[in-house]
Amino acid sequence: MAKTSTEELRKVFSKYALKGGDPNQLSQYELKVLIEKEFPGVAKATVDAIFKEMDKNNDGEVNFEEFEPVITKLIG
Ligand SMILES: [Ca+2]
Ligand SMILES: [Ca+2]
């Protein structure tokens, strides 16, 4: 996939983060759906491993600041 801008990533993040729980954060399930639907090529690494890498503050959810650098690296 081509480089994705921060704006586009934010739209994708929000679309899935809104589905349940905290609307500003991705749960592990929301991240799994996001990756499967939007970035199917990324799923080579398990979503569990990606989630752990993203969740820097270990609160069990992924906010946009945690999401962006890791997804950018994965799709870049
Ligand atoms: Ca959520
Ligand atoms: Ca977190």
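A search of the whole structure, which is a predicted model, finds 3 salt bridges. One of them joins the side chains of Glu38 and Lys15, with an N to O distance of 3.4 Å. Glu38 belongs to helix H2 and Lys15 to helix H1, so this pair ties together parts that lie 23 residues apart in sequence. Glu38 counts as partly exposed because its relative accessibility is 25%, and the cut-off for buried is under 20%. Lys15 is also partly exposed, with a relative accessible area of 49%; exposed would require over 50%.

Another salt bridge links Glu53 and Lys73, whose closest N and O atoms are 2.6 Å apart. This pair also links distant parts of the chain, since Glu53 sits in helix H3 and Lys73 in helix H4, 20 residues apart. Glu53 has a relative accessible area of 32% and is therefore partly exposed. Lys73, at 56% relative accessibility, counts as exposed.

The salt bridge between Lys32 and Glu36 has its closest N and O atoms 2.8 Å apart. Both residues lie in helix H2, 4 residues apart, which is about one turn of the helix. Lys32 is partly exposed at a relative accessible area of 35%, and Glu36 is partly exposed at 44% relative accessibility.

The helices also contribute to a nonpolar core. In soluble globular proteins, nonpolar side chains tend to be buried together. Here the largest nonpolar core has 22 residues, and those touching the most other members are Leu26, Leu31, Leu34, Phe39, Met54 and Phe67. At least two residues of this core come from each of helix H1 (6–17), helix H2 (28–38), helix H3 (47–54) and helix H4 (64–75). Met54 shows how such contacts run along the chain: leaving aside residues up to four places away in sequence, Met54 touches Leu31, Val62, Glu66, Phe67, Val70 and Ile71.

Glu66, one of the contacts of Met54, is also a ligand of a metal. The calcium ion (ligand 2) is coordinated by Asp55 (OD), Asn57 (OD1), Asp59 (OD), Glu61 (O) and, through two OE entries, Glu66, at 2.2 to 2.6 Å. Along the sequence, these donor residues have the spacing D-x1-N-x1-D-x1-E-x4-E. The 6 donor atoms subtend angles of 52 to 153° at this ion, which makes the arrangement irregular. An octahedral label would need opposite donors over 155 degrees apart and all other angles between 65 and 115. Within this site, Asp55 counts as buried because its relative accessibility is 6%, whereas Asn57 counts as partly exposed at 45%.

The other site to consider is that of the calcium ion (ligand 1). Its donors are Ala17 (O), Gly20 (O), Asp22 (O), Gln25 (O) and Glu30, the last listed twice through OE, at 2.4 to 2.7 Å. Their spacing along the chain is A-x2-G-x1-D-x2-Q-x4-E. The angles among the 6 donor atoms run from 50 to 163°, and the site of the calcium ion (ligand 1) is irregular. Of its donor residues, Asp22 is partly exposed because its relative accessibility is 29%, and Glu30 is buried because its relative accessible area is 4%.

How values were computed. Residues numbered from 1 in each chain as written. Chains lettered and ligands numbered in written order. Predicted model: local features only at pLDDT ≥ 70, side-chain atom pairs only at ≥ 80, totals over all residues. Heavy atoms only, no water. Donors = N, O, S within 2.8 Å, 3.2 Å for Na, K, Ca; no water. Tetrahedral: all angles 85-135°; square planar, octahedral: opposite > 155°, others 65-115°. Buried < 20%, exposed > 50% of the residue type's maximum accessible area, 1.4 Å probe, protein only. Core = buried A, V, L, I, M, F, W, Y, C linked by side-chain atoms within 4.5 Å. Contact = heavy atoms within 4.5 Å. Salt bridge = Lys/Arg side-chain N within 4 Å of Asp/Glu carboxyl O.
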